[in-house]
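Dear colleague,

Please find the structure for our discussion below. My notes on it follow, and I would be grateful if you read them with the model open beside you.

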4 protein chains.
Amino acid sequence: MSAPLGVAVVGAGFMGGVHAEVLAAHPRAQLVAVCDLDQRAAQELAGRFAVPTVTDDLDRVLADDRVGLVVVTTPNALHADQAARALRAGRHVLVEKPLALTPDEIHGLLRLATERGLVLAHGSNFVQSPKFRRVRELVADAEAFGTPHLARVVVRNAGPDSGWCLDPALAGGGVLLDLGCHAVEICRWLLGGAEVRAVTARSQRVRRPDGPVEDQAVLLLEFADGALGQCDISWACPGGEEITTEVLGTTGRAGADLWTGMGVDAFSERGFASVWEPNKGWVRPEWEWVRASGYVHQDHAVVEAVLDSVPLPHSPAEAWVSSRILAAAEESAATGRTVELTSTPNGLPLPDAVPGGDRVH
Amino acid sequence: MSAPLGVAVVGAGFMGGVHAEVLAAHPRAQLVAVCDLDQRAAQELAGRFAVPTVTDDLDRVLADDRVGLVVVTTPNALHADQAARALRAGRHVLVEKPLALTPDEIHGLLRLATERGLVLAHGSNFVQSPKFRRVRELVADAEAFGTPHLARVVVRNAGPDSGWCLDPALAGGGVLLDLGCHAVEICRWLLGGAEVRAVTARSQRVRRPDGPVEDQAVLLLEFADGALGQCDISWACPGGEEITTEVLGTTGRAGADLWTGMGVDAFSERGFASVWEPNKGWVRPEWEWVRASGYVHQDHAVVEAVLDSVPLPHSPAEAWVSSRILAAAEESAATGRTVELTSTPNGLPLPDAVPGGDRVH
Amino acid sequence: MSAPLGVAVVGAGFMGGVHAEVLAAHPRAQLVAVCDLDQRAAQELAGRFAVPTVTDDLDRVLADDRVGLVVVTTPNALHADQAARALRAGRHVLVEKPLALTPDEIHGLLRLATERGLVLAHGSNFVQSPKFRRVRELVADAEAFGTPHLARVVVRNAGPDSGWCLDPALAGGGVLLDLGCHAVEICRWLLGGAEVRAVTARSQRVRRPDGPVEDQAVLLLEFADGALGQCDISWACPGGEEITTEVLGTTGRAGADLWTGMGVDAFSERGFASVWEPNKGWVRPEWEWVRASGYVHQDHAVVEAVLDSVPLPHSPAEAWVSSRILAAAEESAATGRTVELTSTPNGLPLPDAVPGGDRVH
Amino acid sequence: MSAPLGVAVVGAGFMGGVHAEVLAAHPRAQLVAVCDLDQRAAQELAGRFAVPTVTDDLDRVLADDRVGLVVVTTPNALHADQAARALRAGRHVLVEKPLALTPDEIHGLLRLATERGLVLAHGSNFVQSPKFRRVRELVADAEAFGTPHLARVVVRNAGPDSGWCLDPALAGGGVLLDLGCHAVEICRWLLGGAEVRAVTARSQRVRRPDGPVEDQAVLLLEFADGALGQCDISWACPGGEEITTEVLGTTGRAGADLWTGMGVDAFSERGFASVWEPNKGWVRPEWEWVRASGYVHQDHAVVEAVLDSVPLPHSPAEAWVSSRILAAAEESAATGRTVELTSTPNGLPLPDAVPGGDRVH
């Protein structure tokens, strides 16, 4: 097994915390440094994940031999320069979205990474979300779905969390850049990556008519294969974040609501290969069913109980209680009578408090 | 870091495969043996996960020094004996549900594990499913939810997958045992683990009126604190598996549909502490949002791209394409005109095929 | 055409108002009297619907030759006596639910009505709701649904509207009587009217542990044909009224949420005769589609515009505006350009203000 | 009361049947003639509703003194001429959508109707559908909703029912005309009728790339007040007809799915005046609740039972059965025991068969 990958998080804000949380949990990654001009934020983040080095000096991070991967989560306007410095220093780089402000900046980063043989990754997380990957899988089932010809992606919230997002000098733009980069990549990916030939857009300033940037926009994408894409983005959406997709094909349709709603919703006259029965007509696709069923949490908890001597989240004594209840149920079903349970059965000492305990995660 | 935990999977059927898949992916676990009387099935499972030892002899598994944890997924009627043998051999044990056929069998296993200081875990996976844990968290928010007083759990499907489940000699019972053990544990757990004082049940034989066991049942549980629980279980449910929960509290309510529907649905007049805005009234609780957003898949893919030199699932060249589209969108929004994109921009060589590639997971 | 049916509303509370509203709109009914001890309430109700007679004396109502139908919406404890007096006076009677407090009281009314050849009707409105009738129709499609074997009916709210409902002397009971009469009739009706052979129930006092009556209950009904029925009723339900049904059959299932959710939700492997395509698998049954589509409102508005010279709710000038927009859309689709509309077309005077006007109903 | 309005239905196809059904049920309308070149269809329609006159000659209809209203449901290309002839003959006219093929044709009809003081109505039924009227009401609640700034209307199906719809010579166009006239009017109406200043559209030929007309289109409407409207229309939609709306406002949002889904879905931070509690946050608006509750069907059935001596759809003997069950439930709740019901209670003869009968509508 290779040595773990040393990671430096540059930018200790909200998204720095998210990436730190994810990478701290990866068995082959190791957080080695946090870098932010705001040293209080950097200290706080490092403390949460026991990161040894805290600094406000990116050069120091880039000179640190332990650092293999630099995660850039600073304000957008700094992305291109900081990512380029990291690549030139021979570091792999993951940049939170948007990768940079302009196509040319991004092209420069791509060239740098290619020339040096380094990994350059960008934060287009939603195309890797389990639900939307499930939608993509359904759309790609050509037998079931036919040819996709229309897609719509909605990414709306009530405005950005971080103050700098509203400062165009740091953010580099308004909602078109901030959420548009998500919506456009999701839309293209759902339609299979065909070339976009023409773009029509309209933007609005809903909440601040005199504000510096647009806070709502609709995009119409024309693809080379004749498909149409619609992207609706907004910082002016009441009622909580909405991230949804829908795709129409010649013989099927599919879509998902990331946070609410039906989950994944799909139809095929011919039947989806990857959906359990019933798999024709309107179907009910699950996703990540092993995890959704709790097997990952359960079995991992067993490993940790054994190796780390921590208690199980769900005691086997519960099975004994449930078993007594089921035995009573069988008796009740057979006799038609209600069966009462005595609370101290068999006089046997039990290894765990039964029932109860704090089983809330 | 401790040595990895060696795991033997006993029973190479469907659930043996699920646990093997989960434990093979745990960084601190290692599959060392597969045991099944059906050697073809054992070989197949071992092959999928590169497990070194295949046997049909449980004693050989229990004598293997590499084995720290035994996962029992054999027919129900064998659980008690096999788990007891493993415990007596000093092995930690995870038994797929039901832990055993009767309360006394289970009690015996609990005593054995306690006496020997071993971990005994059982397959009550749904109480560890992310969605239902979210429901439990909402119910446990007493400020928001008040006192829970009614819960309903539905576990229904179209009948068991494995042939032995319909053979009472191996299965140990009908749907009351097979799905009842899930429903009862979920119900008790959602209501906070209060003691059940009385049970009323009715069972039906819907699909085979003359069959050996019941295939549908309803249970009414009376808790010591006055709460009521309802469990509906069925092997005779058309339309696909249904696993749902709902809980009523004095000031709130919550529920979830594991596979379909609203996901998690909840209401509180006072507001849930753990829900994003809006968090009062009918709310839209997310769960595992970092994972649901794709950050786990994305960042882990970066680690693997660096350490294993495998391609990223989503190329950074996509960001360049999207950025060009957004620049066109800004121009279109500013001018009111449709902006056409040229397909070979800048004459620059690009590191990746753009657009396209097979981005389907 | 027969003479209109004269109607007296006895009880000028909330439900008196509902029945008055419905009967006032029936072309062959005519409200002739309102009777209530609370003369202010009676006057108010009579005023809303231009009812000529207001009284606090039921005998006067029963002596009035214009009265053919007496609608009883007084507190439950008065139903049996008032309905009997009306029947004895030769009047047809509609009694708001519950028809009376006990089986014997109801039996007495049935005998009276039968002996005199009078119509006796009771308020079991939900079995006549369009959504639940649609569910019943799906369940009764034996080819698609098979044999129904399990039904669940939920009727829950946050407690009764009228103060007297909480006074057992007037209400005659708690939630078992108040909402149980709905739930039980819906459940029996959904299962096709088979005989109930045994009843098991549990009740709770959730909101007022020391209150005079139960405010929550669950019922388990055992039918002679082996089917099971579940009724969940509550006055202690947070989040708004819930009235839902679900039925399982051997080859299909169906259910509905009266106020929210999927509307009517159904599945059949074989296909429902009454559902549009797709009619197999999980389907999306509409109900009252002619009305739901707006045809009833639209065409009736035309009749009234002609006969009563009132304006149409939706001016035909709107069609002209929409037509101009569609012509522009065709031009835009053909040319790829955005088409601007001039606001004063053709210099032609238009019969209506275009666009605008208050078109909100 | 005025004399009933005599109605002639011109065009005996599917929509002719719908309008005939609706108008036949109006107490003040009377179908007097059906006119169609296809005399078999005309006879069939006349037979269903007992219409006295059947003809293939529109002039004969227009010369018939009994005819006050002419309902035109012929192929689109005939609308302008037939409606104009009817108006010139002094008849009120309702024209199924589209009112005519071009803005100028429509303008001519508007002028004719205005000059003669006749009612001219057109089939824009969805703006009068109960669900969408409820959405409009929520949007118009300025205190709750703020200013609407974005609307989307989707009208999609799998293609027209009538053969002539695919013949451009009779239909006058493709999906832009056929469904676009619905979508555009709904969109404008939901946004309060503001003026549309610019239109951008794209169309596709999904199912027949070489067909004569487009079968899918998206429209982007720019309103004078800055709002944006999106209309998605399709004849190439798998999975059944989709008719949905959504509107965003500065402090609320609302939408509806006409056939499936949540029904009406809405959010307001401030609270909707017309929604029952809870009326803040995400709410669950009902619509036409008196009808949805079954009161209209129930009370009308009583009137008909009295006046026409037809049986009630739901016998009062059902109340007696339910009352017996509730009495048993009370006993069971009090004693904890299951209570069995005897099937022939009291030895009393009952007026109706109990239980059973065909209660399916």
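D:Q298 touches a set of residues that belong to chain C: C:H19, C:L94, C:H122, C:G123, C:S124, C:N125 and C:Q128, leaving aside residues up to four places away in sequence. Please bear in mind that this is a predicted model. D:Q298 itself is part of helix α12 of chain D, which covers residues 295-308. Is D:Q298 buried or exposed? Its relative accessible area is 2%, and because buried means under 20% relative accessible area, D:Q298 counts as buried.

The interface of chain C and chain D

These contacts lead to the interface between the two chains. How many residues does each chain bring to it? Chain C contributes 139 residues to the contact, and chain D contributes 139 residues. The size of an interface is often expressed as the accessible area that is lost when the parts come together. Between chain C and chain D the buried area is about 11900 Å², and carbon and sulfur atoms account for 65% of that area.

The rule finds 6 salt bridges across the interface of chain C and chain D. One of the salt bridges pairs C:E318 with D:R188, where the closest N and O atoms are 2.6 Å apart. Polar contacts are also present: 32 residue pairs across this interface meet the rule, both residues being at pLDDT 80 or more. Which element supplies the largest share of the side of chain C that touches chain D? That element is helix α13 of chain C (residues 317-335), with 16 residues. By class, the side of chain C that touches chain D consists of 71 nonpolar, 39 polar and 29 charged residues.

Strands of chain C, and one of chain D

Strand pairing also links the two chains. Strand β8 of chain C is joined by 2 bridges to strand β15 of chain D (residues 339-340), and the two run antiparallel. In this pairing, C:V199 has D:V339 as its bridge partner.

Within chain C, strand β8 (residues 196-204) pairs with β9(C) in the antiparallel sense over 8 bridges. Here C:V196 has C:F223 of β9(C) as its bridge partner. Strand β9 of chain C spans residues 216-223, and 7 of its 8 residues are buried. β9(C) also pairs with strand β10 of chain C (residues 228-234), again antiparallel, over 7 bridges. In that pairing C:L221 is matched with C:G229 of β10(C). The two strands β9(C) and β10(C) form a hairpin with 4 residues between them, and C:G226 in the turn has a positive phi of about 95 degrees. As background when you inspect these strands, side chains in a regular strand alternate between the two faces of the sheet.

The interface of chain D and chain B

Chain D also meets chain B. In this contact, 7 residues of chain D face 7 residues of chain B. The buried area between chain D and chain B is about 790 Å², with 51% from carbon and sulfur atoms. Which three residues give most to the area that chain D buries against chain B? They are D:P278, D:W282 and D:R284, which together supply 61% of it, more than any other three residues. The count of salt bridges between chain D and chain B is 0, while 2 residue pairs are in polar contact, both residues being at pLDDT 80 or more. The side of chain D that touches chain B holds 3 nonpolar, 1 polar and 3 charged residues.

With kind regards

Note on methods
Residues are numbered from 1 along each chain as its sequence is written. Chains are lettered from A and ligands numbered from 1 in the order in which they are written. This is a predicted model: local features need pLDDT of at least 70, side-chain atom pairs count only at pLDDT 80 or more; totals for chains, interfaces and linings use all residues. Side-chain values use heavy atoms; hydrogens and water are left out. Buried means under 20% relative accessible area, exposed over 50%, partly exposed in between (1.4 Å probe, protein chains only). Two strands pair if DSSP finds at least two bridges between them. Contact means heavy atoms within 4.5 Å. Buried area is the accessible area (1.4 Å probe) that two parts lose on being put together, summed over both. A salt bridge is a side-chain nitrogen of Lys or Arg within 4 Å of a carboxyl oxygen of Asp or Glu. A polar contact is a pair of N or O atoms within 3.5 Å; within protein, one must be able to donate a hydrogen and the other to accept it, and residues adjacent in sequence count only if both atoms are side-chain atoms. Ala, Val, Leu, Ile, Met, Phe, Trp, Tyr, Cys and Pro count as nonpolar, Asp, Glu, Lys and Arg as charged, and the others, Gly among them, as polar.
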